[in-house]
Amino acid sequence: MTRVHVHPAPADTGTGSGSLAEPYAAALAILAAGVYLLAAHRLRRRGDAWPWPRDVAFTTGCITLTCAVSGPLPGGPFTAHMTQHLIVGMAAPLLLVLARPLTLALRSTPPGRVRRGLLAMRNARPLHLLLFPPVAAVLDIGGLWLPYRTGLFAAAQHQPLPHAVTHAHVLAAGLLLTFTVCQLDPVRHRWSLAVRGPSLLAVGAGHAVLAKSLYAAPPPGTAFTTSDLHTGAQLMYYGGDLVEISLAAVLAVQWYTTTGRAAARVCSAQEIDRPRTRPSK
């Protein structure tokens, strides 16, 4: 059995349909880490502050991506596939987004054509639509239900193009959802927690229901052992919960920060408006 499609990849014999694309994907991840670290170094050399935990987050995200697409993963074919799915589609995107790569790119790029291009991309209307939390949620969870509940999963195990496309989609959808929910980088329109929170809950519910359905029945056209199927489905369920809780923690910190600042402004305004009484003689 070949490695396996998209977020997938069970046991790889080295001749799987996705094996040709995997070295390139790993090389791109390593290159991205190098570019990020170089940009952060240049930013610090000119005297600007850039927290080192962001370097750690981005580098770790790239390393986990590299391991997910190139190294043998533990467990049976379906369990290994689910391990890859969690890394490529959920854990790695969270680490990469926490590093605020767009902010770094904008701060480290000097004025000129490249910077204008980044700003134009950030402000583009199509991107604005994709960054609407409900749209990002539909693209993410829909991209999971479609392959797992159709014959796409089985087809992608043996055909190079569907394999590569599904892998790319899982990573892109995970990055889009995480970027939209966390909203750490500067974007054209910042959606409120009232929009981002329910979108995250909807994704979590869809992910959990899908995991339970896979526990009961494998994807069409596939044949996994019962033990392997159950282990993979449980990994998807509980592993997905951990990443989604981490995303919720990011939202909670933002809510606490926002409400704390608002309360501080109210208290400050009250202190200014409060009439001062002269002490009695």
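This report walks through the fold, the annotated membrane spans, the salt bridges and one helix residue of a predicted model.

## Overall fold

If you scroll along the chain, you'll meet helices and no strands: the protein has 11 helices and zero strands. Written out in sequence order, the pattern is α-α-α-α-α-α-α-α-α-α-α.

The protein has 281 residues, and 42% of them are buried. Its exposed surface comes to about 14900 Å², with carbon and sulfur atoms supplying 69% of that area. As for contacts, take those between residues at least 6 apart in sequence: 78% of them join residues at least 24 apart.

## Annotated membrane spans

An unreviewed UniProt entry puts the feature "transmembrane region" at residues 24–43, 55–73, 85–106, 127–148 and 160–181. These positions come from the record, so it's worth checking a couple of them against the model.

Take residues 55–73: in the model this stretch is 84% helix and 0% strand, and its end C-alpha atoms sit 26 Å apart. Residues 160–181 are 100% helix and 0% strand, with 32 Å between the end C-alpha atoms.

## Salt bridges

How many salt bridges does the model have? The count is two. One of them pairs Asp55 with Arg44, and their closest N and O atoms are 2.9 Å apart. Asp55 belongs to helix α2 (residues 52–70) and Arg44 to helix α1 (residues 22–45), so this pair ties together parts that are 11 residues apart in sequence.

Are the two partners buried or exposed? Asp55 has 11% relative accessibility and counts as buried, because the cut-off for buried is under 20%. Arg44 is partly exposed, at 32% relative accessible area. Asp55 also happens to be where one of the annotated transmembrane regions, 55–73, begins.

There's also a salt bridge between Arg46 and Asp48, where the closest N and O atoms are 2.6 Å apart. Asp48 is partly exposed, with a relative accessible area of 27%.

## A look at Ala205

Further along the chain, Ala205 lies in helix α10, which covers residues 193–216. Ala205 has 43% relative accessibility, so it counts as partly exposed, the class between buried (under 20%) and exposed (over 50%).

Where does Asp241 sit relative to Ala205? The two are 36 residues apart along the chain, and their C-alpha atoms are separated by 9.7 Å.

Methods. Residues are numbered from 1 along each chain as its sequence is written. This is a predicted model: local features need pLDDT of at least 70, side-chain atom pairs count only at pLDDT 80 or more; totals for chains, interfaces and linings use all residues. Side-chain values use heavy atoms; hydrogens and water are left out. Helices (H or I, at least four residues) and strands (E, at least two) are DSSP runs, numbered from the N terminus. A salt bridge is a side-chain nitrogen of Lys or Arg within 4 Å of a carboxyl oxygen of Asp or Glu. Buried means under 20% relative accessible area, exposed over 50%, partly exposed in between (1.4 Å probe, protein chains only). Contact means heavy atoms within 4.5 Å. Accessible areas come from the Shrake-Rupley method with a 1.4 Å probe; for residues, only the protein chains shown count as cover.
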